[in-house]
Amino acid sequence: MKTILTILVMTIIGSLTFTLLPGMAVGAESTPPHHAVAVLHPTAGSNVSGTIHFTAVADGVKVSATVEGLKPGKHGFHIHELGDCSAPDGTSAGGHFNPEKNPHAGPDQAKRHVGDLGNLFADGSDRSHYERVDSHLSLNGAHSIVGRAVIVHAGEDDLTSQPTGAAGGRLACGVIGVTVR
Ligand SMILES: [Cu+2]
Ligand SMILES: [Zn+2]
């Protein structure tokens, strides 16, 4: 009698585990990330490095960058389509992230590449900062920047030349990943 009861209890626990676990897994996957980060590594011959934090906010994503090693002036700053910084010159990151197939433009234009963040301004001090709340970026869905790459360029993005803003070579590359802060 005791054995039958034990088998019955084990069977119930077993079936509960099987029905609950997949449901819990789906719940965890459907929670969109609130924070992402990219660590910029210098490309071959460059000494530019930095960190970019991305935080989901009510009207988009807040971008907060600190970059070191830049020559004074404006430097094109974009999210590129592929999260691949393996090439020494950073070209493995592909072109600007552009899920809407729009022309290249400045960050304040309605029609632009999702990845068009304009320029990072280096004032000649050790560290350059960039901060912007951007309504085109997202950490989930079709405009998700997670798993893509941030590129800092040698030259200025003129915000009009197609398809890259003529911003020149790639000085640093970092893949965007999910984090908790
Ligand atoms: Cu770029
Ligand atoms: Zn662009």
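This report walks through the fold, the sheet, the nonpolar core and two individual residues of a predicted model.

## Overall picture and confidence

Let's start with the broad inventory. The protein contains one helix and eight strands, and read from the N terminus the elements follow the order α-β-β-β-β-β-β-β-β. Of its 181 residues, 34% are buried. Long-range contacts feature strongly in the count: among contacts with a separation of 6 or more, 61% link residues 24 or more positions apart.

How far can you trust the coordinates? The average pLDDT for the protein is 89, and 83% of the residues score at least 70. Two stretches call for a separate mention. Over residues 4–14 the pLDDT stays under 50, and the model has zero contacts there beyond four places in sequence. Residues 16–27 also have pLDDT under 50 throughout, again with zero contacts beyond four places in sequence.

## The sheet

The eight strands form an open sheet, and its order is β5-β4-β7-β8-β1-β2-β3-β6, with antiparallel pairing. Which strands stand at the edges? They are β5 and β6 (127–134), each with a single partner strand, so one side of each has no neighbour in the sheet. On average, neighbouring strands of this sheet are turned by 20° against each other, direction ignored.

As general background, strands of a sheet pair through backbone hydrogen bonds, in either a parallel or an antiparallel way.

## Strand pairs up close

A good place to zoom in is β1. Strand β1 (residues 35–42) is joined to strand β2 (residues 49–57) by six bridges, and the two run antiparallel. Within this pair, V39 stands opposite T51 of β2, while L40 stands opposite G50. β1 and β2 make a hairpin with six residues between them, and in the turn G45 has a positive phi of about 85°. β1 also pairs with strand β8 (residues 170–179), in the antiparallel sense and over six bridges. There, H35 has T179 in β8 as its bridge partner.

Moving on from β2, the pairing of β2 and β3 is antiparallel and covers nine bridges. In this pair I52 stands opposite A65 in β3. β2 and β3 form a hairpin too, with two residues between them. For β8, there is also strand β7 (residues 149–153), paired with β8 in the antiparallel sense over five bridges. The bridge partner of I151 in β8 is C173.

## The nonpolar core

The largest nonpolar core has 33 residues, and those touching the most other members are L40, F54, A149, V150, V152 and I176. At least two residues of this core come from each of β1, β2, β3 (60–68), β4, β5, β7 and β8. The largest share, five residues, belongs to β8. In soluble globular proteins generally, nonpolar side chains tend to be buried together.

A149 gives a feel for this part of the model. Not counting residues up to four places away in sequence, A149 touches H80, L82, G83, D84, C85, A93, C173, G174, V175 and I176.

## Two residues to compare: H75 and G106

H75 lies in strand β4. Is H75 buried or exposed? H75 is buried, because 27 other C-beta atoms lie within 10 Å and the cut-off for a buried residue is 20 or more. Apart from neighbours within four places in sequence, H75 is in contact with L70, N119, L120, A122, V152, H153 and E156. The C-alpha atoms of H75 and G168 are separated by 9.0 Å, although the two residues are 93 residues apart along the chain.

G106 sits in the loop between β4 (73–80) and β5 (116–122). G106 is partly exposed, because 15 other C-beta atoms lie within 10 Å, a count between the limits of 12 or fewer for exposed and 20 or more for buried. Beyond its neighbours within four places in sequence, G106 is in contact with R112, D116, G118 and L159. With L159, the C-alpha to C-alpha separation is 4.7 Å, and the two residues are 53 residues apart in sequence.

Technical notes. Residues are numbered from 1 along each chain as its sequence is written. Chains are lettered from A and ligands numbered from 1 in the order in which they are written. This is a predicted model: local features need pLDDT of at least 70, side-chain atom pairs count only at pLDDT 80 or more; totals for chains, interfaces and linings use all residues. Helices (H or I, at least four residues) and strands (E, at least two) are DSSP runs, numbered from the N terminus. Two residues are in contact if their C-beta atoms, placed from the backbone, lie within 7 Å. Two strands pair if DSSP finds at least two bridges between them. pLDDT is the predictor's confidence in each residue, from 0 to 100. Axes are lines fitted to C-alpha atoms, for helices over the stretch in contact, and angles run from 0 to 180 degrees between N-to-C directions. A nonpolar core is a set of buried Ala, Val, Leu, Ile, Met, Phe, Trp, Tyr and Cys residues joined through C-beta atoms within 7 Å.
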